[in-house]
Amino acid sequence: MSWIDISTPVRSGMVVWPGDTPVRVEQTMSLERGDPFNLTVLGMTAHTGTHVDAPRHFLAGGVSMEHMPLDTLMGPALVVDVDDPQAVRARHVPDDLPPGARVIFKTRNSREYLACPEFVEEFVYVSEEAALKLAAAQVRMVGVDYLSVGGFRNDLRETHVVLLGAGIYVIEGLVLTHVEPGSYELVCLPLLIPGSDGSPARALIRPLP
C-alpha cells in the first residue's frame, strides 16, 4: 500500500500559533546567481507545522525530545473521525484501546481550517475529559489536525498537562484531509534536538491490510 504524507508543508508566512516567530524559508545562495551552491535558511520555532510535543513543553522538569523512545511514533495507529464541532470528547475515545495504542483524531479542522491563511481560534481540540480517558487507557501517542491538542480558549494547559504528564507524546499539525478513519501504519520522526520541548517532524501513514 502507498504511503500518504500527512505533513504540513513548511513555507514562509505559513500559519503559526499567535505570538510565535513567523516562519522564514529563504534561499540565501543560488547557482543561478553565480554562487557555488544553493543554500536555504530556515527560521521557525520547534512547534511549526507538523511537530511533536515533548513533556518538557508544559511540565517543569519534563523530559525533552532526545528522550522519546524511538518506537513511540512508529507502528499501528488508529484514525478516529470526530463529529463534534468544538472538541474531541470522552465519547470519541474508543473504549477498547489497548495499552500503547496510537490514536489520531480527524476533525472539522481537516475539512475547514487547514487551508485557512489565518490562524483559526475556534479549531477543534482534545478536551480535558478525553485526555483523561486517553491517559487512563495508557495510549502512547495522540495526533491532531491543527496546531494544538488543547484549545485556544479552553483546555490548552489542562489537556497538554494530562497527556504529557502521562508520558503520551503528541503530534500536532497533521494533514488528514484525504485520510479515511481506520487502521494505519504510522511513521513520524521528529528532528533530534537535545533539550528541546518539541520538534518539527515528517509524518506518513499507510492503510493496514
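These legends go with three close-up views of a predicted model. Local features need pLDDT of at least 70 and side-chain atom pairs count only at pLDDT 80 or more, while totals for chains, interfaces and linings use all residues. Residues are numbered from 1 along each chain as its sequence is written, and side-chain values use heavy atoms, with hydrogens and water left out.

**View 1. A nonpolar patch on the surface, with Val25 as one of its members.** Val10, Val25, Leu42 and Met44 make up the patch and together offer about 290 Å² of accessible area (Shrake-Rupley method, 1.4 Å probe, only the protein chains shown counting as cover). To join such a patch, nonpolar side chains need over 30% relative accessible area, no salt bridge (Lys or Arg side-chain nitrogen within 4 Å of an Asp or Glu carboxyl oxygen) and a neighbour within 5 Å. Val25 sits in strand S2, residues 24-29 (a DSSP E run of at least two residues). Val25 counts as partly exposed because its relative accessibility is 31% (buried is under 20%, exposed over 50%, partly exposed in between).

**View 2. Ser110 and the residues it touches.** Ser110 belongs to helix H1, residues 108-113 (a DSSP H or I run, at least four residues). With just 4% relative accessibility, Ser110 is buried. Leaving aside residues up to four places away in sequence, Ser110 touches Asp145, Leu176 and Thr177 (heavy atoms within 4.5 Å). The side chains of Ser110 and Asp145 also share a polar contact of 2.6 Å (donor and acceptor N or O atoms within 3.5 Å).

**View 3. Two cysteines, Cys116 and Cys188.** Cys116 is partly exposed at 26% relative accessibility, whereas Cys188 is buried at 0%. The whole structure has zero disulfides (cysteine sulfur pairs within 2.5 Å).

Note on methods: Patch = residues over 30% accessible without salt bridge, like charges linked within 9 Å, V, L, I, M, F, W, Y side chains within 5 Å. Buried < 20%, exposed > 50% of the residue type's maximum accessible area, 1.4 Å probe, protein only.
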